[in-house]
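Welcome to a short set of exercises. Take a look at the structure below, then work through each task before reading its solution.

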Amino acid sequence: MSENDLHLPNLTIRRFRGIQDLSIERLGRVTLIAGKNGVGKTTVLDAVRAYAARGQHAVLLSILGSREELTSSADEDGDKSVGPDWEALFYGRRILPDTDIVIGQTGTSRYLRVEATPVAGAKAAKWESNIRGVLMGNDGWMFRITYSDDEQAASRFSLRKASNSFEFSEETELPPVIRCESLGPNVLDNTAIARLWDKVALTDDEGRALEALRLVFGATIERVAVIGDVQSVTARLGRRAVVRLAGQERPVPLRSLGDGAVRLFGVALALANSQGGFLLIDEAENGIHHTIQRDFWRMALLTAQANNVQVFATTHSWDCVAGFAQAAVAAEGVEGALVRLDSDGEGIRAVEYSEEDLQVAAEQGIEVR
């Protein structure tokens with residue numbers, strides 16, 4: 001793959017969570033996904049995250065945990081424990097015979113596949129011997145996770161049950177994961193900002209984050225830093241971002257500039273930390289005033305192109321869609337794509353908009369959410 005190729009120029013998702021079968025034929029450098037609440041926008045982000053991680057246990061567990069999808073079970077002594085509900089990863093929240101999850105490129109062999117087989121009784125004992133004598137207890141599931149591309153296929157077997165999880169490899173390991181940062185609907189807290197900042201401080205990416213802020217706030221912002229020491233007497237304040245403004249003798253807290261500044265800085269830092277990979281933004285409009293939506297998306301488009309990041313974002317805001325449309329049309333050489341998800345009977349269909357469609361919609365106020 002060349003430096004500026006997209007990891008996912010298109011996308012197929014089958015039997016993953018609330019999506020039975022969805023194909024999006026064209027994705028952009030930045031793809032904005034619109035649609036009503038509950039239609040599956042966040043599930044698309046989860047699918048991309050799972051794909052980037054090659055189905056790693058920790059990421060699948062995080063997806064379930066973020067939705068509080070848990071189940072209880074009892075061991076041989078009747079003691080109850082609570083663990084992840086692995087069946088919730090599959091469409092209909094049930095694992096049926098010969099069903100699997102598929103996430104990847106439409107019409108190619110590049111995909112992630114998750115297959116599940118029940119493990120019980122003698123079969124469970126057979127698999128337990130492969131994991132150094134660790135006992136699973138009652139019935140569980142065996143997962144075969146496969147990633148295929150044009151040249152090779154690799155797989156990993158996993159045994160998973162309620163509060164327990166055991167993994168071992170068969171033959172070859174899966175390919176390396178793709179870098180992926182994920183931003184939720186809320187503005188980042190100080191701990192998350194500090195984590196992202198520490199990865200770019202004193203590098204070229206620090207300058208990129210500052211320039212991204214200046215796309216909206218202009219030269220008024222001279223410098224940005226994260227200060228504080230968890231070992232200091234001011235530890236109760238934690239590490240926090242501060243900004244040096246032109247004409248001001250002392251720096252001011254970034255949060256004093258409003259949630260929009262924090263959201264924007266968080267996206268800029270995440271773009272710097274996602275170089276060569278994915279950035280996922282849920283409810284991208286949150287904290288961003290409608291008057292700066294265009295500048296926000298201009299920053300995201302230009303920085304994503306410069307850092308070779310593929311961005312997926314969701315929204316249900318018309319102001320966000322309009323700002324994105326204006327920025328995508330104006331950003332020459334950077335492809336933006338808008339996809340609206342609609343309920344179609346029991347399924348979901350994707351309605352795709354070209355940049356020409358976006359321009360007409362933005363100029364005439366046509367509803368495309």
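Two strands count as paired if DSSP finds at least two bridges between them. Keep in mind that this is a predicted model.

**Exercise 1. Find the strands that pair with β15, and name the bridge partners of L280.**

Solution.
- Step 1: Start with strand β11 (residues 180-183), which runs parallel to β15 and is joined to it by 4 bridges. Here S182 has L280 of β15 as its bridge partner.
- Step 2: Turn to strand β16 (residues 310-315), which pairs with β15 in the parallel sense, over 4 bridges. In β16, L280 has F312 as its bridge partner.
- Step 3: Follow the chain from β15 through helix α7 (residues 293-307) to β16; together they make a right-handed β-α-β unit.

**Exercise 2. Are the residues on the two faces of β15 buried or exposed?**

Solution.
- Step 1: Recall the cut-off: a residue is buried when its relative accessible area is under 20%.
- Step 2: Sort the residues of β15 (278-281) by side: F278 and L280 lie on one, L279 and I281 on the other. These four are all buried, and both faces of the strand are covered.
- Step 3: Look around L279. Leaving aside neighbours within four places in sequence, its contacts include L183, V267, L271, V311 and F312.
- Step 4: Place L279 in the wider picture. The largest nonpolar core has 56 residues, and L279 is among those with the most contacts inside it, along with F265 and W297. Helix α6 (residues 259-273) gives the most to this core, with 10 residues. Another core, of 42 residues, lies apart from it and includes V39 and V114.

**Exercise 3. Which residues of helix α5 are buried, and where do they lie around the axis?**

Solution.
- Step 1: List the buried residues of α5 (204-217): D205, A209, L210, A212, L213 and V216.
- Step 2: Consider their directions. They cover an arc of only 150 degrees around the axis, which puts them on the same side of α5.
- Step 3: See what this side meets: the buried residues of α5 pack against α4, β12, α6 and α7.
- Step 4: Finish at the helix end, where G218 follows α5 with a positive phi, near 70 degrees.

**Exercise 4. What is the strand order in the open sheet of 3 strands, and which strands stand at the edges?**

Solution.
- Step 1: Read the order, β12-β13-β14, with antiparallel pairing.
- Step 2: Count partners: β12 and β14 each have a single partner strand, so one side of each is left without a neighbour in the sheet. These two stand at the edges.
- Step 3: Check one pair. β13 (residues 240-245) and β14 are linked by 2 bridges, and V242 has P253 of β14 as its bridge partner.

Conventions
Residues are numbered from 1 along each chain as its sequence is written. This is a predicted model: local features need pLDDT of at least 70, side-chain atom pairs count only at pLDDT 80 or more; totals for chains, interfaces and linings use all residues. Side-chain values use heavy atoms; hydrogens and water are left out. A nonpolar core is a set of buried Ala, Val, Leu, Ile, Met, Phe, Trp, Tyr and Cys residues joined through side-chain atoms within 4.5 Å. Buried means under 20% relative accessible area, exposed over 50%, partly exposed in between (1.4 Å probe, protein chains only). Contact means heavy atoms within 4.5 Å. A crossover is right-handed if, with the strands pointing away from the viewer, the path from the first strand over the helix to the second runs clockwise. The arc is that of the directions from the helix axis to the C-beta atoms.
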